[in-house]
Amino acid sequence: MKSWSIARGHTRTVIAALVLSTALSGCQMIDTSTGSFMPSSNPVTVDSVTRGNRLARQAGQQHPRILQTYGGEYSDPKLERMVARVVGSLTLDEQNTAPAYRITILNSPNVNAFALPGGYLYVTRGLLALANDSAELAAVLAHEMAHVTANHGIERQKMEAEEQFATKVVNEVLGEDPVAQTALVRGKLRLAQFSRNQELEADRIGIRTVAHSGYDAFAAARFLQAMDAYQGFRSVSGATDASLDFLASHPNAPRRIELAQRHARELEQPGSGKRDRDPFLAGIDGMVYGDSPEEGYVRGRDFLHPGLGVAFRVPEGFVIDNSATAVTAVGPGDVAVRFDGATVPESTSLTQYLTSGWVAGLEPGTIREFSLNGRPAAKARAAADNWQFDVTVIRSGGQVYRLLTAAPATSTELNQVANEVGQSFRILNDAEKAGLKPLRIRVVTVKPGETLGSLAAQMRGVDRKVELFRLLNAISPGGTPSVGSKVKIITDS
């Protein structure tokens, strides 16, 4: 969580969205240009490509908003070189008329990749963590590049309508409210939504590009299967913001996997293309996994933020989702919790702050001030549209931290959950803050005597270790890692 602002008067909507969340559809951004690959020395502008290109200029304006939504750029020269080699190999395909590319690795645990006009190509570290070789990464990037070469954006909209839509998007994104900007990037910043046929065409073109570049053409089907397994894992774990994931715009039907395998068989025999697994694993070794220090850490039921110096715990059965704007948790019975904060002058009392208009449906008679673990605090009840809310605010200097708990109007769990979460809130001491470290991917070689279970047991800071270990290393049920092979584990060391 990084942002502290929240639009006044939207508390009810924000809380309800925790329980009744929706996913987006459609690939994110595309267009056409021509050229060759360039590494990401300065990804904000692509002057040699964007000059005279209207949509590319708009993409340049959108780039900072993309960075804001996805946690900024992830800087790791070793990783960047590995990704650049893959993109470079794809652009050597003589049938690829894609633009010059500036690849940006986004500092996000979400699994996604997409392209913007003028050669802006994005991949999240979350996607890199899920992939297992260079060929799988190539398959994902080639799919996005295929939307560009197939002119899908132009097919999707007439030029006049496209210009009106793009102008509207840019104007909205340049608004003042940072939360509104983020929401617009998620919900509206799509220059085209691709049809099912366009997605399948992008698969076909991408697989051909992968094969012509020398990579394993069957990598696309493998990664689609990995995404299917990831979707099942995420539906239980609730990890990350699903609306920002590749899965939100790329449905993984079994038919699509079957077609990907068929396209690959038309081009080559299994095992004939390169996978480049070792260079890929070397590139991601040491990469941050999950939340970044700037957004705080989720460790099971605990949220700990070394920068803000605060921590709290959610009840058993709740799953935490740490996004760029807030920390949310959803539990049994559609009970939800949201944590964020705001800068409030110390001259403003907590009662005054609660009644300042940012809480919809506030019941003023329920306000009471008290001390919470040595900090001034206040709480109140609110109600609206078959929902009941507990709003707890805690002061720490010029900051006010906000814990909003929502439950259906018929629920009897609101007070218990709100009190349990509120009582767990605390200020971290210096030693605790210094001891918090991000999780990282470590690539290890399987030694004699090591088993899947013993390797998974080495992982730290994650739940469901065996299942996650299988998922990250694409090990099927019943499969085991072989001695001498390299595998990914998650640890804080």
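Strands β13 and β14 (residues 399–408) run antiparallel and are joined by 10 bridges. They form a hairpin with 2 residues between them, and Gly-397 in that turn has a positive phi of about 65°. This is a predicted model, so please read every value below as computed from it. The chain has 493 residues, 56% of which count as buried, and its secondary structure comes to 18 helices and 17 strands.

**Around strand β13**

- Strand β13 covers residues 387–396 and is mostly covered itself, with 9 of its 10 residues buried.
- On the β14 side, Ile-394 has Tyr-401 as its bridge partner.
- β13 also pairs with strand β12 (residues 375–384), again in the antiparallel sense, over 8 bridges.
- Two pairs help you find your way along this β12 and β13 pairing: Ala-378 has Val-393 of β13 as its bridge partner, and Ala-383 stands opposite Gln-388 in β13.
- β12 and β13 form a hairpin too, with 2 residues between them.

**The sheet of 7 strands**

- These strands belong to an open sheet of 7 strands, ordered β8-β9-β10-β14-β13-β12-β11, with antiparallel pairing.
- The edges are taken by β8 (319–322) and β11 (362–372); each has a single partner strand, so one side of each is left without a neighbour in the sheet.
- From one strand to the next, the twist averages 20°.
- Helix α15 packs on this sheet and touches β10 (336–343), β11, β12, β13 and β14.
- The direction of α15 makes about 155° with that of β14.

**The sheet of 4 strands**

- A further open sheet has 4 strands in the order β5-β6-β7-β15, and its pairing is antiparallel.
- Here β5 (297–299) and β15 (426–427) stand at the edges with a single partner strand each, so one side of each has no neighbour in the sheet.
- β5 is joined to strand β6 (residues 302–305) by 3 bridges, and the two run antiparallel.
- Within that pairing, Arg-299 has Asp-302 of β6 as its bridge partner.
- Helix α15 (residues 414–424) appears here as well: it lies across β7 (310–313) and β15, running at about 145° to β7.

**Nonpolar cores**

- The largest nonpolar core has 67 residues, and among those with the most contacts inside it are Val-123, Leu-128, Leu-137, Leu-141 and Ile-284.
- Helix α11 (residues 219–237) gives the largest share of this core, 9 residues.
- A second, separate core has 22 residues, including Val-310, Ile-320, Leu-372 and Val-421.
- Val-83 and Phe-469 also rank with the residues that have the most contacts inside the largest core.
- Leaving aside neighbours within four places in sequence, Phe-469 is in contact with Leu-452, Leu-455, Ala-456, Met-459, Ile-475, Pro-481, Val-487, Lys-488 and Ile-489.

**Helix α4**

- Helix α4 (residues 77–91) has 15 residues, which at 1.5 Å a residue should span 21 Å; its end C-alpha atoms are 21 Å apart, so the two values agree.
- Val-83 is one of the buried residues of α4, and others include Leu-79, Met-82, Ala-84, Val-86 and Val-87.
- The buried residues of α4 also include Gly-88, Ser-89, Leu-90 and Thr-91.

**Two backbone angles worth a look**

- Most residues other than glycine have a negative phi.
- Asp-385 has a positive phi near 50° and is not a glycine.
- Asp-385 lies in the loop between β12 and β13, and it counts as exposed because its relative accessibility is 56%, with the cut-off at over 50%.
- Ala-474 also has a positive phi, about 50°, although it is not a glycine.
- Ala-474 lies in the loop between α18 (465–472) and β17 (486–491), and at 55% relative accessibility it counts as exposed.

**Whole-chain figures**

- Among contacts between residues at least 6 apart in sequence, 69% join residues at least 24 apart.
- The accessible surface of the chain comes to about 20,100 Å², and 51% of it belongs to carbon and sulfur atoms.

Methods
Residues numbered from 1 in each chain as written. Predicted model: local features only at pLDDT ≥ 70, side-chain atom pairs only at ≥ 80, totals over all residues. Heavy atoms only, no water. Buried < 20%, exposed > 50% of the residue type's maximum accessible area, 1.4 Å probe, protein only. Contact = heavy atoms within 4.5 Å. Areas by Shrake-Rupley, 256 points an atom, 1.4 Å probe, with all protein chains shown as cover. Expected span 1.5 Å × (residues − 1). Core = buried A, V, L, I, M, F, W, Y, C linked by side-chain atoms within 4.5 Å. Pairing = 2+ DSSP bridges. Axes fitted to C-alpha atoms, helices over the stretch in contact; angles between N-to-C directions.
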